[in-house]
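Reader: Could you give me a close look at the side-chain links in this structure, and then set them in the context of the whole chain? I'd like to know what holds on to what, and how far I can trust it.

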Amino acid sequence: MEHKDIPRKPEWLKIRLSHTDGYAKTGQTIRRGMLHTICTSGKCPNQCECWARGTATFMIGGDICTRSCRFCATKTGRPMPLDEKEPENVALSVQDLGLKHCVITSVDRDDLPDGGAAHWAKTIREIRRVNPSTTIEVLIPDFDGREELLDVILDANPDIIGHNIETVERLTPLVRSRARYDVSMRVLEYLAKKGARVKSGLMVGLGESDDEVLETLRRLRETGCSIVTIGQYLQPTLKHHRLDRYVHPDTFARYKQEAEKMGFDFVASAPMVRSSYMAEEALKPKNAEQKQ
């Protein structure tokens with residue numbers, strides 16, 4: 001039964017589900033490695049498509065987050081101890097899937113003295129050791145803005161470092177737990193100044209205005225962030241932050257156009273876009289489609 005306060009889902013957001021051989025193989029690989037993915041934990045609408053293509057975003061540090069952001073479907077509570085075999089298992093799963101580009105994210109581990117930074121670095125290095133030709137993209141927590149922990153990630157040398165701003169400044173206290181807009185911006189700026197290729201993402205439909213979206217994009221660009229994703233917020237349950245609107249694809253196209261004018265190297269902006277959706281596209285040379 002549709003909740004009266006939630007807008008009716010438009011046609012452009014309806015998904016055709018299909019379970020292919022590729023989907024089955026990806027699922028088997030993940031289960032065999034006893035791994036977690038944000039695809040499942042975050043109830044990503046693109047899971048079928050991505051798994052069918054043999055791609056998945058691995059989620060390290062367990063599947064229980066110490067934060068309780070009001071937009072996120074990931075479980076929150078007291079996490080289990082880190083799995084020391086996880087870095088190796090992730091690396092072998094990347095190998096089994098034959099990934100040319102892999103994306104790693106994690107739950108927040110505020111319970112750990114280093115927020116899980118050392119575990120992150122070990123995972124990145126193990127993936128690189130087992131899969132030397134695979135490019136590595138990481139989507140990291142804010143680590144409370146602690147530069148010494150960001151340096152641990154930088155020293156492991158992933159190809160892309162992402163940290164999501166998630167929403168506009170005004171809505172951040174309403175939907176993000178512990179994280180702060182200014183801290184996230186400082187994290188992105190620090191990473192960019194250290195020479196990393198930096199990525200961020202935000203959701204729309206939480207109650208922001210178009211002007212606030214464009215202002216957030218400008219702020220992101222000023223940090224040195226060069227890759228950005230913009231997608232539609234989908235309310236996971238009635239307990240989560242209320243969906244305010246479904247943003248029309250034409251508006252997403254305008255966001256993309258404006259972001260490109262600001263100088264972003266790569267912009268993915270559409271209703272179904274998520275942080276890691278078609279992530280490998282960001283590594284292709286600009287205008288590669290024009291080359292024969």
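Author: Let's start with disulfides: the structure holds 0 of them, a disulfide being a pair of cysteine sulfur atoms within 2.5 Å. Chemically, a disulfide is a covalent bond between the sulfur atoms of two cysteines. Why does Cys-65 not bond to Cys-69? The cysteine sulfur closest to that of Cys-65 is the one in Cys-69, and at 6.6 Å it is too far for a bond. Cys-65 is buried, because its relative accessibility is 10% (buried means under 20% relative accessible area, exposed over 50%, and partly exposed in between, with a 1.4 Å probe and protein chains only). Cys-225 is buried too, with a relative accessibility of 0%.

Before going on, please keep in mind that this is a predicted model, in which local features need pLDDT of at least 70 and side-chain atom pairs count only at pLDDT 80 or more, while totals for chains, interfaces and linings use all residues. Residues are numbered from 1 along each chain as its sequence is written, and side-chain values use heavy atoms, leaving out hydrogens and water.

Charged pairs are a richer topic. There are 24 salt bridges in the structure, each a side-chain nitrogen of Lys or Arg within 4 Å of a carboxyl oxygen of Asp or Glu. One of them joins Glu-169 to Arg-219, at 3.7 Å from N to O. This pair links distant parts of the chain, since Glu-169 sits in the loop between β7 and α7 while Arg-219 belongs to helix α9, 50 residues apart. (Helices are DSSP runs of H or I with at least four residues, strands are runs of E with at least two, and both are numbered from the N terminus.) Glu-169 is partly exposed, at 45% relative accessibility, and Arg-219 is partly exposed as well, at 26%.

Helix α9 takes part in another such link: Asp-210 and Arg-245 meet in a salt bridge at 3.2 Å, N to O. Asp-210 lies in helix α9 and Arg-245 in the loop between β9 (227-232) and α10 (249-262), so this bridge ties together parts 35 residues apart in sequence. Arg-245 has a relative accessible area of 21% and is therefore partly exposed; Asp-210, at 23%, is partly exposed too.

A local bridge is found in helix α10, where the closest N and O atoms of Glu-258 and Lys-261 are 3.6 Å apart. These two residues are 3 apart in the helix, so about one helical turn separates them. Glu-258 is partly exposed at 22%, whereas Lys-261 is exposed at 60%. Elsewhere, bridges that share partners join Arg-67, Asp-108, Asp-110, Asp-142, Asp-144 and Arg-178 into one network.

Helix α9 also comes up around helix α8. The buried residues of α8 are Tyr-181, Val-183, Ser-184, Met-185, Val-187, Leu-188, Tyr-190 and Leu-191. They pack against α6 (147-156), β7 (160-162), α7 (172-175), β8 (198-204) and α9 (210-223). With 13 residues (181-193), α8 should span 18 Å, and its end C-alpha atoms are indeed 18 Å apart; the expected span is 1.5 Å times one less than the number of residues. After α8 comes Gly-195, whose phi is positive, near 95°.

For the wider picture, the chain has 10 helices and 10 strands, and 50% of its 292 residues count as buried. Among contacts (heavy atoms within 4.5 Å) between residues at least 6 apart in sequence, 74% join residues at least 24 apart.

Finally, how far can you trust it? The average pLDDT, the predictor's confidence in each residue from 0 to 100, is 85 for the chain, and 79% of the residues score at least 70. Over residues 33-54 the pLDDT is below 50, although this stretch has 71 contacts beyond near neighbours in sequence. Residues 287-292 also stay under 50, with 1 contact beyond four places in sequence. Where pLDDT is low, the predicted coordinates should not be read in detail.
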